[in-house]
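Thanks for making the time this morning. I would like to take you through one structure, beginning with its ligands and ending with its core.

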Amino acid sequence: MRTSVSIVRCPAYQEEIVYQKIHEAIDLIGGIKTFVSSGEKVLLKPNLLLGRAPEKCVNTHPLVVKAVARMVREAGAQVLIGDSPQLDSAQKACDKNGIGDVAREMGIEIVEFEPRDVLNPQGKVFKSFTIGTVLQDVDKIINLAKLKTHSLTMLTLAVKNMFGAVPGARKGQWHVKTHIAGKEYFAQMLLDLFYFVKPVLNIVDGIVAMEGKGPGFGDPRTLGLLVAGADGVAVDRVIAEMVNIPVDQVPVLKVALRDGYGIGKLEEISVRGERLEDVRVPDFKLPPAQDIFAKIPLPVVRLLKACLTTHPAISKEECEACELCLRACPMKCITSENREIKMDENECIQCLCCMEVCPRGAIELRPGGLLKFFSAMRRIMGRN
Ligand code: SF4
Ligand code: SF4
């Protein structure tokens, strides 16, 4: 089986340029009419995580959403926009990040994800989900992800973006359920969910990406790139290659290749538009904790896992006691007393939902004792 992924350069968030470049990216993989037909109802699913201003690079940029909405309309289809952020409604998140203005200007409805229980008999591991009703009521879904790092999943791209299909705080329950079995089990859930919801087209906004402390508080990094493809795993695989992150450090890709989800082998992906070798980003900054893990030999990590785990911690200087992390924590292990926010480390499952929602970037991953020791040893031995 083969698939195509297009890579197109897009220098800036300027409306007509973004529209032309999105057009080019979709044309390279068959054109919009390959994916949607006249008269269909099409849901655009951007990354809304939390509503933040476009320059923060947390969400899919409104001009990317607008360009795709224009193209879908030109194909004669009806457009809806929807997602289910952790805490806000989709409408509120869109009002904060500029997608609300696009929706008003174009007369597009923003839909909230009301929960519906569904069976997933084709799932390799997860046979049922609760997802947003509208995802089953539309004819097609177009996945509009943002290119970002993620402290739990290393990268958040096309596959991870569809975790938004699970309504609001229910996402936390998945973290609880998959915690004991670890990151790869969580990745398996993401993949089963992705191929159940099955967007027909995946576009990743890497015009200004986020590196470092993603997905909520990393640094904007201008890459000037858009990536598009029909298969989410293939899109993610090409991007991981582009930003120089080995597959075994990205749980979604590692599991996809191991268990046969999507098309993850580079030799089965036709890259169109820019050549991969011309768009590589060798120095893309990883999330801090992943960076530390990446420098330690894997067998040692496995052997000493308990001692090497990182844990989230709150910076008192940065915290403004907004209590959003309390609402997001599925384990209810964050408390507030006289505006002092505390975490119970014994109860924490390290899902990092708190980190995702913190508007101040006040939650960071701190390494456990042995992890610090190994990092210090490597520095002393000059093997940074
Ligand atoms: S404290 Fe943060 S990382 Fe730990 S369980 Fe709660 S939300 Fe998840
Ligand atoms: S979300 Fe961030 S700023 Fe708000 S209380 Fe939690 S740590 Fe503090």
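Which residues are the closest to ligand 2, and how many residues surround that ligand? In this predicted model, ligand 2 is surrounded by 13 residues, and the closest of them are Cys-319, Cys-322, Cys-325, Cys-358 and Ala-362. When we sort that shell by character, we find ten nonpolar residues and three charged ones, with no polar residue in the set.

Turning to ligand 1, there are 14 residues around it, of which Cys-329, Cys-348, Cys-351, Cys-353 and Cys-354 come nearest. The shell of ligand 1 divides into 13 nonpolar residues and one polar residue, and no charged residue belongs to it.

Cys-354 comes up again in the largest nonpolar core, which has 122 residues, and where Cys-354 and Val-68 are the residues with the most contacts inside the core. Helix α8, residues 183–197, supplies the largest share of this core, namely ten residues, while domain 1 (3–278) and domain 2 (288–380) each contribute at least three. As for Val-68, if we leave out residues up to four places away in sequence, Val-68 touches Ile-22, Leu-44, Ile-142, Leu-144 and Ile-203.

Let me stay with α8 for a moment. Twelve of its 15 residues are buried, so the helix is mostly covered, and the buried residues include Phe-186, Asp-192 and Val-197. As a check on its geometry, 15 residues at 1.5 Å a residue should span 21 Å, and because the end C-alpha atoms of α8 are 21 Å apart, the two values agree. Just after α8, Lys-198 takes a positive phi of about 45°.

Key
Residues are numbered from 1 along each chain as its sequence is written. Chains are lettered from A and ligands numbered from 1 in the order in which they are written. This is a predicted model: local features need pLDDT of at least 70, side-chain atom pairs count only at pLDDT 80 or more; totals for chains, interfaces and linings use all residues. A residue is near a molecule or strand if its C-beta atom, placed from the backbone, lies within 6 Å of it. Ala, Val, Leu, Ile, Met, Phe, Trp, Tyr, Cys and Pro count as nonpolar, Asp, Glu, Lys and Arg as charged, and the others, Gly among them, as polar. A nonpolar core is a set of buried Ala, Val, Leu, Ile, Met, Phe, Trp, Tyr and Cys residues joined through C-beta atoms within 7 Å. A residue is buried if 20 or more other C-beta atoms lie within 10 Å of its own, exposed if 12 or fewer, and partly exposed in between; C-beta atoms are placed from the backbone. Helices (H or I, at least four residues) and strands (E, at least two) are DSSP runs, numbered from the N terminus. Domain bounds come from an automatic or database domain assignment. Two residues are in contact if their C-beta atoms, placed from the backbone, lie within 7 Å. The expected span of a helix is 1.5 Å times one less than its number of residues.
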